[in-house]
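Here's a walk through a two-chain model, from single contacts to the interface, the core and the charged pairs. Have the structure open as you read.

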Amino acid sequence: MTEAAILFGPGALGRVLPILTVLLAIVAIWYLAAVWMNSTWVQDQAARADTVLTTGDLVRQTLTLERPVLPAPHQVAMGLWEGVAGQKITSKRSLVWHGWVTLSATLAGFAIGTAAGILLAVGIVHNRAMDQSVMPWAVASQTVPILAIAPMVIVVFASMGVTGLLPKAMIAAWLSFFPVLVGMVKGLRTPDAMQLDLMHSWNASRRQQFWRLRLPSSLPYLFASLKVAIAAALVGTIVGELPAGATSGLGARLLSGSYYGQTVQIWSALFAAAILAAILVMLIGVLERLVLHRMGLAR
Amino acid sequence: MSALPVIALWLGALALNTWLSGFDTRATRLAVALIFGATILILWEMIVRIYAIPPVILPAPSQIGASFAANTAILWTDFVQTILKGALTGWLIGALAAVLTAIVIDRSPFLQRGLLPIGNFVAALPIVGIAPILVMWFGFDWQSKAAVVVVMVFFPILVNMVAGLAATDPMQRDLMATWAAPYGASLWKLRLPAAMPFLFNGLKITTTLALIGAIVAEFFGSPTKGMGFRSSTAVGRLDLPLVWGEILVAAIAGSLFYGIVALIEKKVTFWHPSQRRQRG
């Protein structure tokens with residue numbers, strides 16, 4: 001038995017090994033691409049300085065450029081480390097601070113969107129008029145690329161004197177309400193006729209039907225939707241930061257990096273956003289397991 | 001007192017819809033949805049007029065319509081630039097690449113176990129963020145927008161397609177084996193058709209993603225046309241009716257795009273249970 005198998009249980013190696021192999025291949029391809037894409041610039045510089053580069057020099061220089069076309073993985077990792085641990089948290093260069101600005105708007109928007117989605121779903125399940133009038137438009141609302149509206153939403157709110165967290169949160173909320181609505185409607189409708197009849201024969205009121213049967217059986221669907229919704233909320237917040245000339249947040253970091261050609265800054269902000277998204281989805285997953293376990297629904 | 005007609009209209013439409021929804025036929029369902037939409041538009045118009053809301057905050061639907069009619073030439077150029085060139089090209093390339101990759105992955109269980117978790121993970125990340133990088137690499141014109149769209153649509157379609165190719169049951173695959181079907185035949189006759197519902201699920205999800213990618217990428221640099229470019233500059237000039245015109249174009253294009261994909265799905269997967277008429 002290998003050490004990994006002892007640590008993670010049998011079969012863990014079989015699951016992890018393919019993922020690690022693919023990850024390793026991605027990093028290798030990334031390094032090759034970095035050398036290849038940055039080599040034009042390095043060679044131009046060398047030709048201008050009338051020096052001849054050996055292959056070793058070429059590789060070394062392509063991987064240490066200040067403004068590379070494609071930064072090497074270790075440069076991005078350095079940039080991330082620099083941004084997270086190398087600065088005071090209150091500093092404008094700190095990724096923790098920018099990440100917090102984005103995170104707070106994401107969470108606010110996620111809360112608003114989830115609440116709206118659940119309330120609408122409850123209304124749709126209980127009221128046929130609402131089902132027929134709201135549902136088609138909720139579906140249609142998602143074919144509108146809301147992110148096109150992002151700059152305008154922010155200007156409209158700014159003209160009413162509302163700036164900062166709320167406008168971004170509204171965009172995040174708009175993106176996250178739909179997955180929750182759809183999942184919740186589906187979830188609230190899972191109880192089959194037999195179960196509903198049983199509730200009926202126990203003379204349960206609509207309220208009791210809702211709290212004791214419909215709501216619990218909708219929870220697995222709700223959590224599946226929440227995972228989608230929180231990732232969408234993060235995307236909404238980041239894009240909401242782009243066009244409004246915001247100076248804080250990961251989106252602003254991306255934009256200023258693109259203005260000044262700071263590629264390492266763009267990539268670090270991108271990875272910070274990706275890590276944030278992964279952590280958020282993971283947290284929802286943990287919450288899901290806890291809640292479903294408490295309710296005896298865990299498989 | 002000026003709020004009175006607004007409330008009256010709202011209550012009237014609500015009562016009408018409640019009454020209509022009781023019948024629950026195809027025609028009344030359509031009517032209910034249309035009445036709801038029309039009510040919102042009329043209420044919007046009334047509120048803007050009664051309370052004299054400046055167009056900078058919220059233009060009335062009639063103003064938006066007028067601006068749309070007056071700027072059709074501009075809107076058409078933007079539509080061609082962003083949707084036809086950027087989003088559609090990128091979506092087609094991305095979908096094709098994802099389907100081909102899925103077929104390659106499908107032959108190797110090792111790759112499946114390695115690539116799928118990563119693909120699932122990447123699909124949940126804020127991929128729009130790569131827009132500034134790709135704009136740097138591919139220039140300001142539509143090619144960079146198409147590249148952003150390719151990356152954005154690739155993973156959702158890939159994940160769906162791989163799941164689809166694995167969706168046949170062992171009995172069917174055994175049957176193909178007893179007939180000594182070569183890989184190509186079992187792929188073409190059994191697995192690809194079985195994967196179609198999954199593929200179309202991915203294609204439908206990514207229609208909006210494609211528009212979003214193309215529009216957002218324009219915030220990072222664009223020639224002087226395109227929907228993202230126009231809406232951000234029009235906001236700067238406080239020409240809000242034009243911005244809403246762009247939004248209208250985006251909404252129509254998005255709905256059409258989705259509708260066309262859904263229509264093709266209906267033709268291709270007519271045999272699937274979800275396409276049969278069902279009573280809910």
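Two residues are in contact when heavy atoms lie within 4.5 Å. Keep in mind that this is a predicted model.

Let's start with one residue. A:Gln209 sits in helix H10 of chain A. Setting aside neighbours within four places in sequence, A:Gln209 is in contact with A:Leu196, A:Met199, A:Ala204 and A:Arg214. A:Gln209 has a relative accessible area of 14%, so it counts as buried.

Now for the place where the chains meet. Chain A brings 51 residues to the contact and chain B brings 50 residues. Together they bury about 4,200 Å², with 82% of that on carbon and sulfur atoms. What about salt bridges across the interface of chain A and chain B? The rule finds zero. The count of residue pairs in polar contact between the chains, both at pLDDT 80 or more, is zero as well. On the chain A side, the elements giving two or more residues include helix H2 (12–48), helix H10 (206–241) and helix H12 (263–294). H2(A) gives the largest share, nine residues. By class, that side has 39 nonpolar, eleven polar and one charged residues.

On to the nonpolar cores. The largest one has 119 residues, and among those with the most contacts inside it are A:Leu181, B:Trp91 and B:Met161. Helix H9 of chain B (residues 183–217) supplies the largest share of this core, 14 residues. B:Met161 touches B:Val99, B:Ala102, B:Leu192, B:Ala195 and B:Leu199, not counting residues up to four places away in sequence. Apart from the largest core lies another, of five residues, including A:Ile154 and A:Phe157.

Last, the charged pairs. Over all chains, the search finds six salt bridges. Here are some of them:

| Acidic residue | Basic residue | Closest N and O atoms |
|---|---|---|
| A:Glu288 | A:Lys227 | 3.0 Å |
| B:Asp78 | B:Arg230 | 2.8 Å |
| B:Glu265 | B:Lys204 | 2.8 Å |

B:Lys204 is in helix H9 of chain B and B:Glu265 in helix H11 (residues 240–268) of chain B, so this pair ties together parts 61 residues apart in sequence. Both B:Lys204 and B:Glu265 are buried.

Is B:Asp78 buried or exposed? It is buried, with a relative accessible area of 0%. Its partner B:Arg230 is buried too, at 13%.

In chain A, A:Glu288 is buried, with a relative accessible area of 13%, while A:Lys227 counts as partly exposed at 28%.

Conventions
Residues are numbered from 1 along each chain as its sequence is written. Chains are lettered from A and ligands numbered from 1 in the order in which they are written. This is a predicted model: local features need pLDDT of at least 70, side-chain atom pairs count only at pLDDT 80 or more; totals for chains, interfaces and linings use all residues. Side-chain values use heavy atoms; hydrogens and water are left out. Buried area is the accessible area (1.4 Å probe) that two parts lose on being put together, summed over both. A salt bridge is a side-chain nitrogen of Lys or Arg within 4 Å of a carboxyl oxygen of Asp or Glu. A polar contact is a pair of N or O atoms within 3.5 Å; within protein, one must be able to donate a hydrogen and the other to accept it, and residues adjacent in sequence count only if both atoms are side-chain atoms. Helices (H or I, at least four residues) and strands (E, at least two) are DSSP runs, numbered from the N terminus. Ala, Val, Leu, Ile, Met, Phe, Trp, Tyr, Cys and Pro count as nonpolar, Asp, Glu, Lys and Arg as charged, and the others, Gly among them, as polar. Buried means under 20% relative accessible area, exposed over 50%, partly exposed in between (1.4 Å probe, protein chains only). A nonpolar core is a set of buried Ala, Val, Leu, Ile, Met, Phe, Trp, Tyr and Cys residues joined through side-chain atoms within 4.5 Å.
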